[in-house]
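I opened this notebook to record what I looked up in one protein model. The entries follow the order in which I worked.

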Amino acid sequence: MPIDNNSPDDLNPVKPRRGAKLVEAVAANEMPREKLLAQGAEALTDVDLIAIMLRTGIVGMNVMELARSLYNYYGGNIARMGDATVAEIMQVVKGIGEAKAIAFVAALELGRRRQFHAVKDIPLKSPEAVYRFFAARIGNNVVEEFHLAVIDNGGKVLHAEMVTRGGLSSTAVDCREVFSKVLRWRGTGFVVAHNHPGGNPNPSQSDIDLTKRLKDGAKILGLRFLDHVIVVQGRGEGAYYSFQENKML
């Protein structure tokens, strides 16, 4: 399954201008805090929001130039930016300190968690509900992950976790591990999902084979296997493939 090949490792880090002062002035029409107060957060561009997270510039770059450099480095892909580590952010633009990088990474993670909390208590009774639940967790990931949600008779999530990361071959996902987690949390059923970072929602043969193995095992154990959903990014709202919806379960 394809993974985004435009990784930050292929790009050159941004270097600040020589001889410039720390925190140069920002133009009047590029003052993100003032714009937020006057127009609301929804009026801000991605670069504006990044600048507010960074708070100040560095030697050779005012805060807007710094924010624009980070944004351009990741090609405007907030998902890739959100997967960056503190060490990586410090390498992207020479001069960003550890404290600024930590605050930046923490802010992006908080945004991811906000999205998840908005859907975490919705019963998983339909493919759309399953998609929304897992899209909040893995919808923007640039590396493939396989996730499980253990549910009760009403579709309430009793437990959710990542089972494996980085691939989905039959050897990568151990069905026994999935079943043991469902039984450990005393669930009567479960749903699973994984993401296709390349944007193609269609299942591969290994996806189909894995789903069949989970279906067969669940039947033997008397568990309800409600759905396997493939979440993709870059296709807008509702971009997913449901095995249940496509009568593959």
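A crossing of two helices is left-handed if the near helix is turned anticlockwise from the far one by less than a right angle, and right-handed if clockwise. I wrote this down before turning to the helix pairs.

**Entry 1. Overview**

I note at the outset that the model is predicted. I counted 9 helices and 5 strands in the protein. Along the sequence I read the pattern α-α-α-α-α-α-α-β-β-α-β-α-β-β. The protein has 249 residues, and 42% of them are buried.

**Entry 2. Helices H8 and H9**

Two packed helices are described by the angle between their axes and the distance between the axes. I looked up both values for H8 and H9. The angle is about 45 degrees, and the axes are 10 Å apart. H8 is therefore oblique to H9. How is the crossing of H8 and H9 handed, left or right? I found it to be right-handed. For the ranges, I noted that H8 covers residues 175-184 and that H9 covers residues 205-221.

**Entry 3. A nonpolar patch**

Which residues make the nonpolar surface patch of about 320 Å²? I listed Leu 183, Ile 220 and Leu 221. Leu 183 belongs to helix H8. I entered Leu 183 as partly exposed, because its relative accessibility is 47% and the partly exposed class runs between 20% and 50%.

**Entry 4. Helices H1 and H2**

I then took the pair H1 and H2. Their axes lie 9 Å apart, and the packing angle is about 115 degrees. H1 is therefore roughly perpendicular to H2. I recorded a left-handed crossing for H1 and H2.

**Entry 5. Salt bridges**

How many salt bridges does the structure hold? I recorded 7. I looked up several of them one by one.

Lys 35 and Asp 48 form a salt bridge through their side chains, at 2.8 Å from N to O. Lys 35 is in helix H1 (residues 32-39) and Asp 48 is in helix H2, so this pair ties together parts that are 13 residues apart in sequence. Is Asp 48 buried or exposed? I found a relative accessible area of 4%, so I entered Asp 48 as buried.

The side chains of Glu 161 and Lys 181 also meet in a salt bridge, at 2.9 Å from N to O. Since Glu 161 is in strand E2 and Lys 181 is in helix H8, the pair ties together parts that are 20 residues apart in sequence. I noted that both Glu 161 and Lys 181 are buried.

I also looked up the salt bridge between Arg 176 and Asp 174, where the closest N and O atoms are 3.2 Å apart. Arg 176 counts as exposed because its relative accessibility is 65%. Asp 174 has 27% relative accessibility, so I entered it as partly exposed. I then noted one network, in which salt bridges that share partners join Glu 161, Glu 177 and Lys 181.

**Entry 6. Leu 158**

Strand E2 spans residues 157-165 and includes Leu 158. At 33% relative accessibility, Leu 158 counts as partly exposed. I looked up its separation from Asp 121, which is 37 residues away along the chain. The C-alpha atoms of Leu 158 and Asp 121 are 9.9 Å apart.

**Entry 7. Positive phi**

Most residues other than glycine have a negative phi. I looked up two residues with a positive value.

Arg 55 has a phi near 75 degrees. Where does Arg 55 lie? I placed Arg 55 in the loop between helix H2 (46-54) and helix H3 (63-73). Its relative accessible area is 58%, so I entered Arg 55 as exposed.

Lys 247 has a phi near 55 degrees, again a positive value in a residue other than glycine. I found Lys 247 in the segment after strand E5 (240-242). Lys 247 counts as exposed because its relative accessibility is 73%, and the cut-off for exposed is over 50%.

How values were computed
Residues numbered from 1 in each chain as written. Predicted model: local features only at pLDDT ≥ 70, side-chain atom pairs only at ≥ 80, totals over all residues. Heavy atoms only, no water. Patch = residues over 30% accessible without salt bridge, like charges linked within 9 Å, V, L, I, M, F, W, Y side chains within 5 Å. Areas by Shrake-Rupley, 256 points an atom, 1.4 Å probe, with all protein chains shown as cover. Salt bridge = Lys/Arg side-chain N within 4 Å of Asp/Glu carboxyl O. Helix = DSSP H or I, 4+ residues; strand = E, 2+ residues; numbered from the N terminus. Buried < 20%, exposed > 50% of the residue type's maximum accessible area, 1.4 Å probe, protein only. Axes fitted to C-alpha atoms, helices over the stretch in contact; angles between N-to-C directions. Parallel < 35°, antiparallel > 145°, perpendicular 65-115°, else oblique.
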